[in-house]
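Dear colleague,

I am passing on the structure below, together with my notes on it. Please read the notes with the coordinates open beside you.

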Amino acid sequence: MQRHVEQALRAALELPDDLVIAPHARLFDLGVSSLTALALRTRFQRELACDLSPTLLFDHPSLDGLAERLLAAAFPAAVADAPVDARAREVAALTEVEAEAELARRLEHLRRYLP
């Protein structure tokens with residue numbers, strides 16, 4: 001699944017094949033925009049024939065985190081007993097500065113929905 005997500009990301013962003021994308025790389029740092037996130041979500045929904053959250057890439061902003069979420073959506077019974085949540089691993093791996101930046105990004109995103 002991780003390879004599939006990487007290929008979809010490369011296609012959406014027109015990234016060169018020789019560009020190395022680390023599994024924990026932040027997708028938005030690679031150039032994913034809100035429109036790209038929506039297009040990728042739509043693609044994954046169609047391919048996996050399941051409903052995915054509109055905030056999918058915001059909630060799972062790394063290659064490996066997104067792949068784990070898609071696996072869980074596609075095969076819920078197979079991952080129901082997974083011992084560690086992928087998002088928890090992502091958050092735990094952040095430095096304090098990265099965590100503050102992530103929080104600021106999320107707050108800015110949520111402000112759009114406030115009156």
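Arg 43 is partly exposed, at 24% relative accessibility, where buried stands for under 20% relative accessible area, exposed for over 50%, and partly exposed for what lies in between, all with a 1.4 Å probe and protein chains only. Its side chain meets that of Glu 47 in a salt bridge with an N to O distance of 2.7 Å, the term being used for a side-chain nitrogen of Lys or Arg within 4 Å of a carboxyl oxygen of Asp or Glu. Glu 47 also counts as partly exposed, with a relative accessibility of 35%. Both residues belong to helix α2, where Arg 43 and Glu 47 are 4 residues apart, about one turn of the helix. As a general point, side chains of opposite charge can pair when their charged atoms come close.

Before going further, please note that this is a predicted model, in which local features need pLDDT of at least 70 and side-chain atom pairs count only at pLDDT 80 or more, while totals for chains, interfaces and linings use all residues. Residues are numbered from 1 along each chain as its sequence is written, and side-chain values use heavy atoms, with hydrogens and water left out.

The search of the whole structure gives 3 salt bridges, and helix α1 contains a linked set. Glu 6 pairs with Arg 3, with the closest N and O atoms 3.4 Å apart, and these two residues are separated by about one helical turn because they stand 3 residues apart in α1. Glu 6 is also bridged to Arg 10, here with 2.7 Å between the closest N and O atoms; Arg 10 and Glu 6 are 4 residues apart in the helix, again about one helical turn. Glu 6 is buried at a relative accessible area of 13%, and Arg 10 is buried at 9%. Returning to the pair in α2, Arg 43 and Glu 47 both lie in that helix. By contrast with that pair, Arg 3, Glu 6 and Arg 10 are joined into one network by salt bridges that share partners.

As to the fold, the protein chain has 7 helices and 0 strands, helices being DSSP runs of H or I with at least four residues, strands runs of E with at least two, and both numbered from the N terminus. Of its 115 residues, 32% count as buried. Contacts, meaning heavy atoms within 4.5 Å, were also counted along the sequence: among those with a separation of 6 or more, 57% are between residues 24 or more positions apart.

Helix α2 spans residues 34-48, and its 15 residues reach 21 Å from first to last C-alpha, close to the 21 Å expected at 1.5 Å a residue, an expectation calculated as 1.5 Å times one less than the number of residues. Its buried residues are Thr 36, Ala 37, Leu 40, Arg 41, Phe 44 and Gln 45, and they pack against α1 (2-13), α3 (56-59) and α4 (63-74). After the helix comes Ala 49, with a positive phi near 55 degrees. Glu 47 and Ala 74 are 27 residues apart in sequence, yet their C-alpha atoms are 9.5 Å apart in space; Ala 74 lies in helix α4 and is partly exposed, at 24%.

The largest nonpolar core has 21 residues, of which Phe 44, Leu 57 and Leu 66 touch the most other members; such a core is a set of buried Ala, Val, Leu, Ile, Met, Phe, Trp, Tyr and Cys residues joined through side-chain atoms within 4.5 Å. At least two residues of this core come from each of α1, α2, α3 and α4, and α4 gives the most, with 5 residues. Beyond its neighbours within four places in sequence, Leu 57 is in contact with Leu 27, Phe 28, Val 32, Ala 37, Leu 40 and Leu 66.

On the surface, Leu 103, Leu 107, Leu 110 and Tyr 113 make a nonpolar patch of about 440 Å². Patches are made of residues with over 30% relative accessible area and no salt bridge, like charges being joined within 9 Å and nonpolar side chains (Val, Leu, Ile, Met, Phe, Trp, Tyr) within 5 Å. Leu 107 sits in helix α7 (residues 96-111) and is partly exposed at 39% relative accessibility.

With best regards

Note on methods. Accessible areas come from the Shrake-Rupley method with a 1.4 Å probe; for residues, only the protein chains shown count as cover.
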